Amino acid sequence: MRKNFKPQPYLYPQPVLVVATYNEDGTPDAMCAAWGTICDNDAVALVLNADHKTVKNIKRNKAFTVSTGTVDQLVAIDYVGMVSGNEVPDKVEKVGWHTEKSAAVNAPIIDELPMTLECKLIKYDEKFECVYGKIVNISIDERVLAEGGGVDVKKLDPVSLDPINGKFIRLGEPVGNAFSMGKEIK
Ligand SMILES: Cc1cc2nc3c(=O)[nH]c(=O)nc-3n(C[C@H](O)[C@H](O)[C@H](O)COP(=O)(O)O)c2cc1C
């Protein structure tokens, strides 16, 4: 027996992402975003409320970075997801993050978050409050790279959002090989 629920953002898994931008005066801002995905081989789509400082910064700078949220940074990630740069313009400094400017786009890279997509604005859809960005570079700290290439997911330790119970969930163990195990069915 299935139970019906009213329409809500109930979808698993949701990523925990950190979107970083520069304010007018060059101080870095960051927010947490769970409504984000890849929408082309080299593009991201993020649903970001138009009132957020991040959106104002993206529209002005035409650039942003998207980093994977990691378990060791959860307190800071949650803080930047609750406090707006509209009220606290130095919130990145407040959480103790260090930043450097991306060489590819006019947006900050947060040193404490090892995997970052560096993006140029494609467009902001006002109706759906959706930012589309072209990924122009991906920078990954060596500390989370696997021997022989790729990312060591255990070292990266990414987080997912449980939107129904309001919990952050650590990514678990591999349970199969994608684009492969389905071949068992003849
Ligand atoms: C777990 C979590 C997920 C969030 N996901 C989103 C999201 O997908 N889109 C959005 O617009 N805001 C989201 N928020 C809220 C923003 O991060 C928050 O409003 C933030 O203060 C905006 O910062 P800014 O005004 O400095 O840009 C989320 C917050 C948390 C804690």
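## A walk through the model

Start by colouring the protein chain by pLDDT, the predictor's confidence in each residue on a scale from 0 to 100: the mean is 98, and 100% of the residues reach 70 or more. This is a predicted model, so local features need a pLDDT of at least 70 and side-chain atom pairs count only at 80 or more, while totals for chains, interfaces and linings use all residues. Residues are numbered from 1 along each chain as its sequence is written. Helices (H or I, at least four residues) and strands (E, at least two) are DSSP runs, numbered from the N terminus. Confidence in the protein chain bottoms out in helix α4 (residues 153-156), with a mean of 97, and peaks in strand β6 (residues 63-68), at 99.

**Stop 1: the ligand**

Select the ligand and show what surrounds it. Its shell has 20 residues, and the closest are His-52, Thr-54, Gly-81, Ser-84 and Gly-85; a residue is near a molecule or strand if its C-beta atom, placed from the backbone, lies within 6 Å of it. Two or more residues each come from β3 (28-33), α1 (53-61) and α2 (74-82), and β3 gives the largest share, with 4 residues. Colour the shell by residue class and you get 10 nonpolar, 7 polar and 3 charged. For that split, Ala, Val, Leu, Ile, Met, Phe, Trp, Tyr, Cys and Pro count as nonpolar, Asp, Glu, Lys and Arg as charged, and the others, Gly among them, as polar.

While helix α2 is on screen, pick Met-82, which is found in it. Is Met-82 buried or exposed? Met-82 counts as exposed because it has 10 C-beta neighbours inside 10 Å. The scale runs like this: 20 or more other C-beta atoms within 10 Å of a residue's own means buried, 12 or fewer means exposed, and in between is partly exposed, with C-beta atoms placed from the backbone. For a distance check, draw a line from the C-alpha of Met-82 to that of Asp-125: they are 23 Å apart in space and 43 residues apart in sequence.

**Stop 2: the core**

Now select Val-18, Val-19, Ala-30 and Phe-64, which touch the most other members of the largest nonpolar core, a group of 33 residues. Strand β2 (residues 17-22) gives the most to this core, 5 residues. A nonpolar core here is a set of buried Ala, Val, Leu, Ile, Met, Phe, Trp, Tyr and Cys residues joined through C-beta atoms within 7 Å.

Centre on Ala-30. Which residues is Ala-30 in contact with, leaving aside neighbours within four places in sequence? They are Val-18, Val-19, Ala-20, Val-80, Val-92 and Ile-110, where contact means C-beta atoms, placed from the backbone, within 7 Å.

**Stop 3: strand β5 and its partners**

Select strand β5 (residues 43-47). Val-44 and Leu-46 make up its covered face, and Ala-43, Ala-45 and Val-47 its uncovered one. In a regular strand the side chains alternate between the two faces of the sheet.

Two strands pair if DSSP finds at least two bridges between them. Strand β4 (residues 36-40) runs antiparallel to β5 and is joined to it by 4 bridges, with a hairpin of 2 residues linking the two. Look for Ile-38 opposite Val-44, its bridge partner in β5. Then add strand β10 (residues 130-140), which pairs with β5 in the antiparallel sense over 5 bridges; Ala-43 has Lys-134 as its bridge partner there.

Stay in β10 and pick Ser-139. Ser-139 counts as partly exposed because it has 16 C-beta neighbours inside 10 Å. Beyond four places in sequence, its contacts are Ile-109, Thr-116 and Glu-118.

**Stop 4: the open sheet**

Next, show β1, β11 and β12: they form an open sheet of 3 strands in the order β1-β11-β12, with antiparallel pairing. β1 and β12 each have a single partner strand, so one side of each is left without a neighbour in the sheet. Between β1 and strand β11 (residues 159-162) there are 2 bridges, and Gln-14 stands opposite Leu-161 in β11.

**Stop 5: backbone oddities**

Most residues other than glycine have a negative phi, and most peptide bonds are trans. Go to Pro-13, in the segment before β1 (14-15): the bond from Tyr-12 to Pro-13 is cis, with omega near -10°. Next is Lys-62, in the loop between α1 and β6, with a positive phi near 60°. Finish at Phe-179, in the segment after β12 (167-170), where phi is also positive, near 60°. Phe-179 counts as exposed because it has 6 C-beta neighbours inside 10 Å.

Key:
Two residues are in contact if their C-beta atoms, placed from the backbone, lie within 7 Å.
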